[in-house]
Amino acid sequence: MITIENLTKVYGEVKAVEDLNLEIRPGEIFGFLGPNGAGKTTTIRILTTLTKPTSGHARINGFDVLREPLKVKRAIGVVQQHISLDRDLSVRENMEVHARLHHLKSSERRQRITELLDYVELEDESNRIVTDLSGGMKRRLMIARALIHRPKLLFLDEPTVGLDAQTRRRLWELIRRMNIDGTTVLLTTHYIEEAEALCGRVGIIHQGHLIALGSPLELRQRLGLVTVETLSNNKDTHYIYFPDRTAATSYAQGLPPEVKTIIVRESNLEDVFVELTGRKVGDD
Amino acid sequence: MVNMLMDTYSVLWTDLRFLARHWRRTLATSLVSPVLYLVAFGWGLGRGINVEGASYLEFVIPGIVALTAMTSSFSGAGMKLNVDRLFYRCFDECLMSPVSPLSLIIGKALIGVVRGLISSVAFLIIAFIISPTLTFSPLFAVALVLTCFVFAFFGVFAALLAKSHQDMATFSSLVILPMTFLGGTFFSLSQLPEALKIILYIIPLTHSSQCLRAVTLGQPFPWLSLLVIVGFGLAFFLGCVLVLRRSSV
């Protein structure tokens, strides 16, 4: 579905993406995980033809993003990180603009818009002006809009940033449903739990480099599925990783008495990220 | 070709929807300054003055039509695109859709043309009521439409270059505002010293005023000026193409 070969993007002195190689398979939900400024959005912008790479290649559905941008654009739907709706127009009009730009015939337009507004549960809002919608509604409208031309591949750049927990869960459900209905999804996120909840495979990006690739479980297994967190002298937190709970517990029991706080828990992608980079995902 | 026209219309459609919803406000605001100019200069200041063998009122009306066409087309195309690009960020959606850059530029410019024509025709109706002796011909319409195209492309060009809303306002006051007063709108260029005249012939609005005025006052038509207008239109259009190409780096 997506083939990325030696992709590099340099802005002045800064290497936003360096020598990225990646294959994304049809039907999967793939997540780019990394802190802000890691190169996730730059990669997405190159794949969606908005930015030209400095070197390297990217192909979507067999089409080169540089040489056949129109064919790429027909195959993809994009939900950008920021709200990119025309806030002066109504919900339905925003859908209609997009349908027209993607050459849908008028009868198909009407049917598809109704169907999609229904899908994202915005059918009752169809005549409201976008300015008046809540954040979650705007997000859902953007997703519905991105689906209008039945793209095979959907890009979601930080789809749930700034949304409350409930709205986020609804969006996750929607993303899973779209995936089951046959859309390949590439999303970026700096929320660990989002990557764990949604993605079949995750690529961890740090300073423009892909530093780990695999399913959330594989990545955690590589590190050790169980983490022992210790706090000694009330200042230094240490993390030690074990393949299973038995090994972790016996280690914890053998610790000297001055180690007061001991937490034994399941490892998560945050641990994977911290171990690989020495930083937290939320850091800038 | 048919596809390109359809795409152009699709791009225009968005802005037409907005205009359809707000046409009263748009029309009213775009008529304020031309009517004020007409009252202040045409009636107030210019009463009893004759220029180029006509009353000052008759002289100034085509000038005000030209400047109305200019400001409405420029801001009609430019301001909305500026907001779409930098504030709503929905211009990115157009860039990611399978629509050619040419359709995008022309579609975005056309809303300026539409708004420029609406404002100047509305002003003309007012002017005609005040001064029924004005004469018109198809050449007047040609010059008016071309003027709208020139400044609509100019507006798109400025909006594509602008890095902030402030840039757009600066552009307006440094380029559009001086043209309003100097582009052969309120005074006859024949009264000016030669050096100044040459400078004023470099700005596009001068040629628009000359063409429109020649028709309404029954003077010989300045074909060269019409050609210059077309030239400016092409130049601004090419400017848009280059800026849009550069922006996707």
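In this predicted model, the contact between the two chains draws 19 residues from chain B and 23 residues from chain A. On the chain B side, helix H1 (2-45) and helix H3 (91-95) each put in at least two residues. H1(B) is the top contributor there, with five residues. Sorted by character, the chain B face that touches chain A comes out as ten nonpolar, four polar and five charged residues.

Turning to chain A itself, its C-alpha trace spans about 75 × 45 × 30 Å along the principal axes. Ten helices and 13 strands are found in this chain, and it splits into domain 1 (2-215) and domain 2 (225-266). The C-alpha centres of these two domains of chain A sit 40 Å apart. Of the 284 residues in chain A, 43% are buried. Contacts that reach far along the sequence are well represented: taking pairs at least 6 apart in chain A, 66% join residues at least 24 apart.

Chain A contains an open sheet of six strands, ordered S6-S7-S8-S3-S9-S10, and its pairing is mixed. Strand S6 (76-79) and strand S10 (209-214) of chain A form the edges; each has a single partner strand, so one side of each goes without a neighbour in the sheet. On average, and ignoring direction, neighbouring strands here are turned by 15° against each other. Within the sheet, strand S3 (residues 29-33) of chain A runs parallel to strand S8 (residues 184-189) of chain A, and five bridges join the two. One of the facing pairs puts A:Phe30 opposite A:Leu186 in S8(A). Helix H6 (residues 165-180) of chain A packs on this sheet, where it touches S3, strand S7 (153-157) and S8 of chain A. The direction of this helix makes about 150° with that of S8(A).

Further along chain A, strand S11 (residues 226-232) has antiparallel partners in two places. Seven bridges tie S11(A) to strand S12 (residues 236-242) of chain A, with A:Thr227 having A:Tyr241 in S12(A) as its bridge partner. Seven bridges also link S11(A) to strand S13 (residues 259-266) of chain A, again antiparallel. In that pairing, A:Glu229 is matched with A:Ile263 in S13(A).

Back to chain B, and to the nonpolar packing. The largest nonpolar core has 135 residues, and the members that touch the most others are B:Ala109, B:Phe153 and B:Val156. Helix H5 (residues 138-161) of chain B supplies the largest share of this core, 16 residues. Leaving aside residues up to four places away in sequence, B:Phe153 touches B:Ala109, B:Gly233, B:Phe236, B:Phe237 and B:Cys240.

A second spot worth a look in chain B is B:Met179, which lies in helix H6 (residues 165-182). This methionine, B:Met179, has 22 C-beta neighbours inside 10 Å and therefore counts as buried, the cut-off being 20 or more. Beyond residues up to four places away in sequence, B:Met179 touches B:Met70, B:Ile203 and B:Leu205. As for B:Ser131, 48 residues from B:Met179 along the chain, the C-alpha atoms of the two are separated by 25 Å.

Technical notes
Residues are numbered from 1 along each chain as its sequence is written. Chains are lettered from A and ligands numbered from 1 in the order in which they are written. This is a predicted model: local features need pLDDT of at least 70, side-chain atom pairs count only at pLDDT 80 or more; totals for chains, interfaces and linings use all residues. A nonpolar core is a set of buried Ala, Val, Leu, Ile, Met, Phe, Trp, Tyr and Cys residues joined through C-beta atoms within 7 Å. A residue is buried if 20 or more other C-beta atoms lie within 10 Å of its own, exposed if 12 or fewer, and partly exposed in between; C-beta atoms are placed from the backbone. Helices (H or I, at least four residues) and strands (E, at least two) are DSSP runs, numbered from the N terminus. Two residues are in contact if their C-beta atoms, placed from the backbone, lie within 7 Å. Domain bounds come from an automatic or database domain assignment. Ala, Val, Leu, Ile, Met, Phe, Trp, Tyr, Cys and Pro count as nonpolar, Asp, Glu, Lys and Arg as charged, and the others, Gly among them, as polar. Two strands pair if DSSP finds at least two bridges between them. Axes are lines fitted to C-alpha atoms, for helices over the stretch in contact, and angles run from 0 to 180 degrees between N-to-C directions.
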